[in-house]
Amino acid sequence: MSVAMARAFDHLSLFSSVSISFLLAFLSCFETCYSFKAKHVNLSRSGTHWASAGATWYGSPEGAGSDGGSCGYGNAVSQPPFSSMITGIGPSLYKSGKECGACYQVKCVKRMHGSCSGRPVRVVITDFCPGGPCAAESAHFDLSGAAFGAMAIPGQDEKLRNAGVLRIRYARVACDYSGKTIAFHVDLGSNPNSFSVVVEFEEGDGDLAGVALKETSFEGSGKWRPMQQSWGAVWKLDAAYQLKPPFSIKLISQYSRQTLVAKNVIPDTWSPGSTYRSLVNYL
């Protein structure tokens, strides 16, 4: 082999080695720096993405729509921190109750109606709107009278409520309850063998992908038992034996898959219909 040819092979070998190293480094950087999974995005850090929807309102003009709605929050919808700023939602966003507790901003602008302020209003999904425009449109908000009127220019809320079906803009946003911690309202049908709870005031995502319960005073302590979504925001555990409180409850958020544990939040003396506040929240 000639000297020139040997040098050419040496250069080619060096070039191939550098090229492979560069390619591996690039692929590694691409995987770590650019790949992401949408379900693990933090809503509180992501941008606001607006889309179009229809909107109506129900209930009394200044009220909370209905007494509780299909998510199971009961009269809490008219009290702080919900404060009547709630909405029923069509099937596309309700998702069989999985989106109960999710927060959205809604707004309307003057080109849609002369009484629109253009100011975003934050609402929480607490109810289901199954028919009419709610089912016919790709996205539809059946707002409480209070929330619908809040989109209006001050003093023109009644005019806006007389608009009928209104075109609005909406965006999924993080829930913010100003430092309020998560609460657990024990369902009236609960008993020592079957425990059901409504989870309230989750900041951040607002909705839940999973809930689990752990008995902390029983022989089997340390084992998390998955609860099933019964309906709306109600989660249920049917045990084959008498459950031993106190209970810790683990939550997994729907959108970002963040895990949170409320340790011993349900006391030994729990009773159906009672609400127990934790010391934790997502934000």
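Here, a residue is called buried when its relative accessible area is under 20%, exposed when that area is over 50%, and partly exposed in between (1.4 Å probe, protein chains only). By that yardstick, 43% of the chain's 283 residues are buried. What you're looking at is a predicted model, so local features need a pLDDT of at least 70 and side-chain atom pairs count only at 80 or more, while totals for chains, interfaces and linings use all residues. Residue numbers start from 1 along each chain as its sequence is written, and side-chain values use heavy atoms, with hydrogens and water left out.

**The overall picture**

The chain has five helices and 14 strands. Both kinds of element are DSSP runs numbered from the N terminus: helices are H or I over at least four residues, strands are E over at least two. Contact here means heavy atoms within 4.5 Å. Among the chain's contacts with a separation of 6 or more, 72% come from residues 24 or more positions apart. The accessible surface comes to about 14300 Å², and carbon and sulfur atoms hold 56% of that. Areas like this come from the Shrake-Rupley method with a 1.4 Å probe, and for residues only the protein chains shown count as cover.

**The barrel**

Six strands close into a barrel, in the order 1-5-2-4-3-6, with mixed pairing. From one strand to the next, the twist averages 50°. Such angles run from 0 to 180 degrees between N-to-C directions, using axes that are lines fitted to C-alpha atoms (for helices, over the stretch in contact). Two strands count as paired if DSSP finds at least two bridges between them.

Strand 6 is a good place to zoom in. This strand is mostly covered, with six of its eight residues buried. Strand 6 (residues 166–173) pairs with strand 3 (residues 103–107) in the antiparallel sense over five bridges. Strand 1 (residues 51–58) also pairs with strand 6 in the antiparallel sense, over five bridges.

The table picks out some facing residues, including one pair from the sheet described below.

| Residue | Stands opposite or bridges to |
|---|---|
| Tyrosine 104 | Arginine 172, strand 6 |
| Lysine 107 | Arginine 169, strand 6 |
| Serine 52 | Arginine 169, strand 6 |
| Leucine 213 | Arginine 225, strand 10 |

**The open sheet**

Eight strands make an open sheet in the order 13-12-9-10-11-8-7-14, with antiparallel pairing. Strand 13 (259–266) and strand 14 (275–277) are the edges, each pairing on one side only. On average, neighbouring strands of this sheet are turned by 30° against each other, direction ignored. Strand 9 joins strand 10 (residues 225–231) in the antiparallel sense through three bridges.

Lysine 214 sits in strand 9 (residues 208–215). Lysine 214 is buried yet has no salt bridge, and the nearest side chain of opposite charge, glutamate 215, is 11 Å away. For a salt bridge, a side-chain nitrogen of Lys or Arg has to be within 4 Å of a carboxyl oxygen of Asp or Glu. On charge, Lys and Arg count as positive and Asp and Glu as negative, with His and the chain ends not counted. Leaving out residues up to four places away in sequence, lysine 214 touches Gly222, Lys223, Trp224, Pro246, Phe247 and Ser248.

Leucine 251 belongs to strand 12 (residues 247–253). With a relative accessible area of 2%, leucine 251 is buried. Its C-alpha atom is 6.0 Å from that of glycine 210, although the two residues are 41 apart along the chain. Beyond four places in sequence, leucine 251 has several contacts, among them Ile182, Phe184, Val199, Leu260 and Tyr282.
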